[in-house]
Structures are given as C-alpha cells and as structure tokens.
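Visitor: I am new to this structure and would love a close look at one part of it. Could you pick a pair of packed helices and walk me through how they meet?

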Amino acid sequence: MSKNTVSLPSKELASGSSLWQDAWIKLRKNHLALFGLGVLIVLIISSLLTPWIAPYSYEAQNLDLGATAPSVSHWLGTDIFGRDMLTRIMYGGRVSLMVGFIATAVALIIGILWGAVAGFFGGKIDAIMMRIVDILYALPFMIFIVLLMVVFGRNILLLFLAIGAVEWLTMARIVRGQVMALRNQEFVEAANSLGLSQWTIIRRHIIPNTLGPVIVYTTLTIPSVMLLEAFLSFLGLGIQPPESSWGLLINYGVETMEEYPWLLIFPGIALSLTLFALNFLGDGLRDALDPRTSKD
Amino acid sequence: MIRFALSRLLQAIPVLLVVITATFFLVHSAPGGPFSADKAVPPEVIKALEAQYKLDQPVWQQYIGYLGDVVRGDFGPSFKYSGRTVNELIAAGLPATAELAFYAMLIAVGIGVLAGVTASLKPNTAQDYIPMSAAMIGICMPSFLLGPLLVLVFGIYLDWLPISGWGDIPGDKILPSITLGTGYAAYIARLSRGGMLEVLSQDYIRTARAKGLSETLVITKHALRGGLIPVVAFLGPAFAGLLGGSFVVETIFQIPGLGRFYVQAAFNRDYTLILGMTVFFSTLIIVFNLLSDMLAIWLNPKLRHEIGGNK
C-alpha cells in the first residue's frame, strides 16, 4: 500500500443510498407521478371496499325514478333504470382494475420466464426463443382477440388469458436484454470469481437489477391492458352484463348520450383519469429507477 | 436493400402460414356449426349447405383446400351473406376504410410531428409542456370515448358537423378522421420529441451550427431526417393499430368499411368472412411493417451501411 492512502470517508457518506431509496427520493419530487400514485391507491382501496362503501346496492333498480342528473342523493346521477351511477362506476372499476392487474400478471409471468431463460442461456436457445417472439410480434393481435372472444364465447377468464398472452412479448424482450447485458458486467464477473454460486448471483445481482425496468413496464402495461378490455367491452365482446366495466358503461352511455350525457361523461372520466394516473406513475418510475439519471 | 426486402418478404411467409393455420383451426373448433340457426332447418338442407361449403369433408382436407384457395387469392363464399363472396365484401368495405385510415394518418403525422418538433426545440419550457400535456391527454382518451364526445359537442350541441355516414353529406368525414387520428398524433408527438432531442445533441448538429447555417436550415435539413426515424419506424405498427381502431370508429359513425364488417361478422359468426378478413388484415399489416422498416433504414445511413455490408 502506498503512503497516500485515501482516508476513509465519514460513515454517513460511506453508507450511501440504495437504488430504491434514490428512486423514492426522485419520485417524491415528481408531482405528476405522485398524483398518479395517489389516484391509484384511492382506486385500489375503493375497489376493495366497494361492497361496503358503495352508496346503493348494485342491482337496485328504480324504474319510477329513471335517469336523473347528478343530485345530492345521487352524486353522479342515475341511469335509465334508476340505478345509482356512482355505485355502477365503483363496481365497474373493480372489474376494470381486476382485468388490468390479472392480465398484466399473466403477461408478467410469461414474459419474465421467457426472457430470463432466453437471456440466461443465450446461444441457440436464445435465437429460437426470440425468433418466436418476432413472429408473434408480426401477428395482428387485436384481430385475434376479437376472434378468440367470438369463437369461445365471452368468458372473463379467457379475456385475462387472451390479453395476457398478447402483452408478454415486450416484457420478454426487456427482461432478455437486461439479463444478457448483466451477465457480462464486471460486477457479475467479480461475483463469479469470488466463488459465489450461480443461484446467489441470480438472487443478489441479476434479479434486483432487472426489477427496475420490469416494474416500470408493468406500470405501463396495466393501462394498456385496461384500455384493451374497455375497447372489447365497448364493442360488446368483453365483459358481459350483469357484470359491468368502464368500457361497458361507456358503451351504454353512448346510446343515451343525447338525453343523458352524464351517463357517458362520468365513466369516461373514471377511465381517462385512471389511464392518466398509471401513465404518469409509469413515466415517473422510469425516470426514478434509471440509475444513469443523476440525483440532483 | 432489395435483398433485405426480399428476405423480409420470405420471412413473412411462415408468419402468414401461422396466421392462416391458427385462424382456420380456431374457427373450426368453435362450438356450434355456422348453420345452427334459431329456426329449425331440415337436415337435408343442412346437408346441402355443408356440401356447398365443403364442410362435409374431413378438417385437414378443408384446410389444404383453403390454403390452396388463399394462395390463389380466393377467400370463398360468405356464410351469412348468401350469394356474396368474401372477396366481394372486402372489396366493398376497403375504399371507406382505406380513405379513413389515410386521413387519420395524415392528421396523426401532421399534428404529431409539428407538436413534437415544436416541443423539442425548447425543452422544459412552456413550449414543451403545453404540447406534451395535450399529447398525454390524447393518449389517455381512447377513441371510443373521444368519438362520442366529439359527436356530442360538434354534432349535437353545436350542430356544426354530421355525425354519421361516409361521403353522403359534405363534412361527414371530418369527425371520424379526427377520432381515429388523435391518439396516434399524441403518440407520434412523443416519439418525434424524443427523437429530435436525441439528434439535436449530436456532434453533426453542432457542426452544422458552427458552419453558420441558419437555425431553420439546421432543423429542416439536418435534424429532422434523423429525429423522425422513430416516427417512421412507428408507422407500420400504427397502421396495424388504425385497422383495429377502425372497428370502433366505423361502428360509432356507421361507416360501411372493413372494421364494421369485421365486428358484424364476429357477431353473426360468419366464419368464412372472419377467416378471410383476418388473413387479409394480416397480409396488409405485414406489408406495411416492411415498408416502414425499409423507409427507416433508408433514412438512417448507419443502418443502410450495415445492411449493405452484411448482405
């Protein structure tokens, strides 16, 4: 050791901050992303509690009342059967969010497994697996989902699977790219030469470093899945009554929008606001979780 | 370049084969035959119908026969529109959809590029935030919501524009084109802003400025060409998206185009029509993807060199 060894920095400096702490600090400065996070949390809580906090019962009709504009007793008005719109939107949101989360989870599982295997083994296996992804990319999936829903009836489980099966491709590409890049990084080499087991390397180095892009892409997949569900429900090919979703409510709203515009506008706001929130959160997370952006 | 195009076209053949095979067997595994109608039909009639549509043959034989027909460009007769072939129906719907897609694309590229480039010239100022916020709204406002809202405001309350039809009354093409184009305009705005920002920080732009070129010339002559490559590469997928979007827009505005036919065929369980249109759409999408890829390569000298060097 030479004489001019660097004096150890004070403890505070040396402790540094983890990627996640950094990310949280950066995210806290992003007001739009925080707004998105807030909207999302409120939505999730209200969806979980809907049966207890909804102001009216889901089925209760009041044909004498009919469609009424927003009022004190019905904040968002009632539909042509006299059903409370706020209640309908809350129940519809449950379904829309559930489709968003479950279908995204399906996409996540397939995508991560596929991408990780391809990236980790590389070579021929990788070439074949990614070729399959390329071919699937070229398929017109929107058309296929419509086809699936027609052929096998409009089954909600199938809807999850069909949407999930479409959305995993990009996830597989992201994970594969990440794993491939990580395998050749110096710190993984260092871990190897230190004699760490493969599993420890995967657990300690590969997974945590892949997590960032995966979280970001997941946040951005949820709104696109919800949009797809709403699109199908709007066409009458997704969620079927008596179940309800925002897409279906918008569909009903369009039929009577001339006389009762609030039946279109409120479900529309609910859907757009949610998409907004998730997109902002996703963008914010992308900026926050990218270790290359400096912390200022 | 030609070699690249040819090899990509060759690669498209297995993709199309997958599409045809998957669609064919999906449709044939559907529960309930195409003629299980509400009315009771005498068995002899069903027999005759099945013979007419070759449904009495084994499935693999139908499949081979269908492949042969498709290669010759014949999608067979429609199940529901008796006496009309799928080819005729596609030909009937194509003009309206093609025109709609063209206008929508024009709006998407025109407004999108303008907004994106404007925003990229002064990043993190009002000139950036305003168009980009508008773009975010455009992305979060799906066509099936935007369309009805436009109808409500401009068609019903203000009564400025017609709200249905295609080419019947002057002005009836405006609302559908805007409805279909807006989402893509928003996406293209974001893409072109990102692409321009990246290019504007490159050395060759600094060189161009150092030479004393005017800012307008730097932007139009040097920056745009590179900055818009992501947009060009997006045009292929955007086209596929436009076809999907036309399902909704043509339904809302009652336009007699392919999208509306497809949705109706789906509800009517008109299997030959669904099958034929799926194959037709897939072919279109593959061709457009290829075209937009080739355009992106032609615009990017780096990629052009790679392709030229490798093959």
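Guide: Happy to! Helix 4 of chain B and helix 12 of chain B are oblique to each other. Please keep in mind that this is a predicted model. The pair, with helix 4 covering residues 86-121, packs at an angle of about 55°, and the two axes are 10 Å apart. An angle of about 55° is neither under 35 nor over 145 degrees, and it also falls outside the range of 65 to 115, so it counts as oblique. As for handedness, helix 4 of chain B and helix 12 of chain B make a right-handed crossing.

Now for the residues that meet there. From helix 4 of chain B come B:Val86, B:Leu89 and B:Ile90, while helix 12 of chain B brings B:Thr272, B:Leu273, B:Gly276, B:Met277 and B:Phe280. Sorted by character, the residues of this contact are six nonpolar and two polar, with no charged ones.

Helix 12 of chain B also has a part in the meeting of the two chains. That contact involves 28 residues from chain A and 33 residues from chain B. On the chain B side, helix 12 (271-299) is one of the helices that each supply at least two residues, and others include helix 1 (2-28) and helix 10 (229-252). The side of chain B that touches chain A has 26 nonpolar residues, six polar and one charged.

Technical notes
Residues numbered from 1 in each chain as written. Chains lettered and ligands numbered in written order. Predicted model: local features only at pLDDT ≥ 70, side-chain atom pairs only at ≥ 80, totals over all residues. Contact = placed C-beta atoms within 7 Å. Helix = DSSP H or I, 4+ residues; strand = E, 2+ residues; numbered from the N terminus. Nonpolar A, V, L, I, M, F, W, Y, C, P; charged D, E, K, R; others polar. Axes fitted to C-alpha atoms, helices over the stretch in contact; angles between N-to-C directions. Left-handed = near helix turned anticlockwise from the far one by under 90°.
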